[in-house]
Amino acid sequence: MEYLRAFIVGGLICVIGQILIDKTRLTPARILVCFVTAGVILTAVGVYEPIVKFGGAGATVPLPGFGYTLAKGAMKGVDELGALGAFVGGVRAAAGGITAAVVFGYLAAVLFNPRMKR
């Protein structure tokens, strides 16, 4: 059942992204920023936490999940360090994911022959 809930939540997030791509003139980069920002805002107002509890990885792996991680880290950082924690907490919470993206991106560039699109 957990897999089904993750599939449904992650699929709905992807459907929203596809609708934004098809029906608006937003670029993929702007949609990415909107999704991350929506994750932060929904976490701040307490809406995204129940979605994460219901959908699990279906809610934490897509882009709004990155915003959720940043927001939760910033809130924890504020509790521990005060105002400075708002800046360092989010990055500290997402450091593993950021590091993985950089390392695997680098490995892909070394192992494969990247070329510019023409």
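User: Before we look around, what does "exposed" mean for a residue here, and where does Val110 fall?

Analyst: A residue counts as exposed when its relative accessible area is over 50%. This is a predicted model, and in it Val110 has a relative accessible area of 51%, so Val110 is exposed. Val110 lies in helix α6, which covers residues 85-111.

User: Which nonpolar surface patch does Val110 belong to?

Analyst: Val110 joins Val103, Phe104, Tyr106, Leu107, Leu111 and Phe112 in a nonpolar patch on the surface. Together these residues have about 800 Å² of accessible area.

User: And how should I read the opposite case, the nonpolar core?

Analyst: The general idea is that in soluble globular proteins, nonpolar side chains tend to be buried together. Here the largest nonpolar core has eight residues: Val9, Ile13, Ile31, Phe35, Tyr48, Val52, Ala59 and Tyr68. Helices α1 (2-23), α2 (28-44) and α3 each supply at least two residues of this core.

User: What does Tyr48 touch, leaving out residues up to four places away in sequence?

Analyst: Tyr48 touches Ile13, Ala59 and Tyr68, and also Leu42, Thr43, Pro64 and Gly65.

User: Now for charges: how many salt bridges does a search of the whole structure find?

Analyst: As a general idea, side chains of opposite charge can pair when their charged atoms come close. The search finds one salt bridge. Glu49 pairs with Lys72, their closest N and O atoms being 3.4 Å apart. Glu49 lies in helix α3 (residues 48-55) and Lys72 in helix α5 (residues 63-81), so the pair ties together parts that are 23 residues apart in sequence.

User: Are these two partners buried, partly exposed or exposed?

Analyst: Glu49 is partly exposed at 25% relative accessibility, and Lys72 is partly exposed with a relative accessible area of 37%.

Notes
Residues are numbered from 1 along each chain as its sequence is written. This is a predicted model: local features need pLDDT of at least 70, side-chain atom pairs count only at pLDDT 80 or more; totals for chains, interfaces and linings use all residues. Side-chain values use heavy atoms; hydrogens and water are left out. A salt bridge is a side-chain nitrogen of Lys or Arg within 4 Å of a carboxyl oxygen of Asp or Glu. Helices (H or I, at least four residues) and strands (E, at least two) are DSSP runs, numbered from the N terminus. Buried means under 20% relative accessible area, exposed over 50%, partly exposed in between (1.4 Å probe, protein chains only). A nonpolar core is a set of buried Ala, Val, Leu, Ile, Met, Phe, Trp, Tyr and Cys residues joined through side-chain atoms within 4.5 Å. Contact means heavy atoms within 4.5 Å. Patches are made of residues with over 30% relative accessible area and no salt bridge: like charges are joined within 9 Å, nonpolar side chains (Val, Leu, Ile, Met, Phe, Trp, Tyr) within 5 Å. Accessible areas come from the Shrake-Rupley method with a 1.4 Å probe; for residues, only the protein chains shown count as cover.
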